[in-house]
Amino acid sequence: MKLPINFYKPLAIGAPQPVRELPVRLERMLHFFPPHLDKMRAKLPEIARQVDVVVGNLEDAIPADAKEAARAGFIEAAGKTEFGPTGLWVRINALNSPWVLDDLLQVVGAIGHKLDVIMLPKVEGAWDIHYLDQMLAQLEARHSLTRPILIHAILETAQGVNNIDGIASASPRMHGMSLGPADLAASRGMKTTRVGGGHPFYGVIADAGPDGGERAFFQQDLWHYTIARMVDACMAAGLRAFYGPFGDFQDEAACRAQFRNAFLQGCAGAWSLHPSQITIAKQVFSPDVAEVRFAKRILDAMPDGTGAVMIDGRMQDDATWKQAKVMVDLARLVALKDPEMALQYGL
Ligand code: GLV
Ligand code: MG
């Protein structure tokens, strides 16, 4: 076991000091772009202005014969784009793939100083994080980087779910996790053919009535357990949790419902794979105006966060004060980025 005294030490001579707390940033949507496509690269500056985080995707959905073009395209486009407050992430190929070594060597070598987070797919256990952690420290030292690159794990194998707490606490470099419902469904042997979202056959049926009439069926959320598990593992370790991809671009209502469940359960954001999903994520992961105004009333009524007060007939105490603080802190972040929302929140 690594001794606690060594946990925050750089893993290579010359590598930057690991962070003790995550940078406070708005990450409502992690917007994926396929960097092997000229058209998508040309749009990057415009997209970067619209989203909280852009993710250059080098892994699944990039054809094997376009892997090198995607890597080179990402380096070229990210190198010449001004990101301002928008986060720059990359999803590298899996650790057992033939591409990952060059992904790391070339991407960190060329644009490591601009890169905030590396998204690591198909993480199975803490050992995957340890490998990447060590290698990033070596690369940071080699390229004289002054800011550590963080790691975001995709939770998309049954073994990864089993080892989730070890993954979350594997390194001070951990930023958070995203649920990868497509790979996880395959890994678990789920009988679905979808990228996230619900399934019409997964639900509960009402008891039979005495008259033998039709019984109501209530569809359930296939991802409820995994999201809750991920949120607990992440929040306990001081990390952020995210819902991943929603593949049916036509079904905006279902995408909104899936994102909202994740938001209410504690997630900070979700992936957006299509421009329509940017708008949905922006709306869903910015807290509701009425809720924020109510939360502010709780904070104002209990300035030191202790005791109990009644507001509109509802009891508030130290615990609702903490909930209100989560909401208002998030609203303040949104307000900093969006003056229109600042007015609506009254911040
Ligand atoms: C994402 O990578 C997924 O597999 O859902
Ligand atoms: Mg996947």
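Student: What covers the buried residues of helix 12?

Tutor: The cover includes helix 11 (289-301), strand 12 (314-317) and helix 13 (339-345). Keep in mind that this is a predicted model.

Student: Which residues of helix 12 are called buried, and what makes them so?

Tutor: They are Thr320, Ala324, Val328, Ala331, Val334 and Ala335. The word applies because a buried residue has under 20% relative accessible area.

Student: How do you know that they line one face of the helix?

Tutor: Look down the axis of helix 12: its buried residues fall within an arc of 115 degrees, so they line one face. There's a general reason for such patterns: an α-helix has 3.6 residues a turn, so residues three or four places apart point the same way. On the face of helix 12 turned away from the buried side you'll find the exposed residues Lys322, Val326 and Leu336.

Student: What does Thr320 touch, leaving out residues up to four places away in sequence?

Tutor: Thr320 touches Ile298 and Met315. A polar atom of the Thr320 side chain also lies 2.8 Å from the backbone nitrogen of Asp317. That counts as a polar contact because the cut-off is 3.5 Å.

Student: Which end of helix 12 does Asp317 cap, and how do you know?

Tutor: Asp317 caps the N-terminal end, where one of its side-chain oxygens sits 3.0 Å from the backbone nitrogen of Ala319.

Student: How do you know that the length of helix 4 agrees with what a helix should span?

Tutor: Take its 17 residues, 126-142: at 1.5 Å a residue they should span 24 Å, and the end C-alpha atoms are 24 Å apart, so the two agree. Helix 12, with 20 residues (318-337), reaches 29 Å, close to the expected 28 Å.

Student: What makes Ser144, just after helix 4, worth a look?

Tutor: Its phi is near 55 degrees, a positive value in a residue other than glycine. Most residues other than glycine have a negative phi. Ser144 lies in the loop between helix 4 and strand 5, and at 56% relative accessible area it is exposed. Asp312, in the loop between strand 11 (308-311) and strand 12, also isn't a glycine and has a positive phi of about 50 degrees.

Student: Why is Cys234 not counted in a disulfide?

Tutor: The closest cysteine sulfur, in Cys267, is 8.1 Å away, too far for a bond; the cut-off is 2.5 Å. For Cys255 the closest is also in Cys267, at 13 Å, and again that's too far. The structure holds 0 disulfides.

Student: Why are Glu156 and Asp183 called donors of the magnesium ion (ligand 2)?

Tutor: Their oxygens lie 2.1 to 2.2 Å from the ion, and the cut-off for a donor is 2.8 Å, so both qualify. The pair links distant parts of the chain: Glu156 is in the loop between strand 5 and helix 5 (158-162), whereas Asp183 is in helix 7 (residues 181-188), 27 residues apart.

Student: Which label does each donor get, buried or partly exposed?

Tutor: Glu156, at 3%, is buried, whereas Asp183, at 24%, counts as partly exposed. The labels follow because buried means under 20% and exposed means over 50%, with partly exposed in between.

Terms used:
Residues are numbered from 1 along each chain as its sequence is written. Chains are lettered from A and ligands numbered from 1 in the order in which they are written. This is a predicted model: local features need pLDDT of at least 70, side-chain atom pairs count only at pLDDT 80 or more; totals for chains, interfaces and linings use all residues. Side-chain values use heavy atoms; hydrogens and water are left out. Helices (H or I, at least four residues) and strands (E, at least two) are DSSP runs, numbered from the N terminus. The expected span of a helix is 1.5 Å times one less than its number of residues. Buried means under 20% relative accessible area, exposed over 50%, partly exposed in between (1.4 Å probe, protein chains only). The arc is that of the directions from the helix axis to the C-beta atoms. Contact means heavy atoms within 4.5 Å. A polar contact is a pair of N or O atoms within 3.5 Å; within protein, one must be able to donate a hydrogen and the other to accept it, and residues adjacent in sequence count only if both atoms are side-chain atoms. Donors are N, O and S atoms within 2.8 Å of the metal (3.2 Å for Na, K and Ca); water is not among the atoms, so sites may look incomplete.
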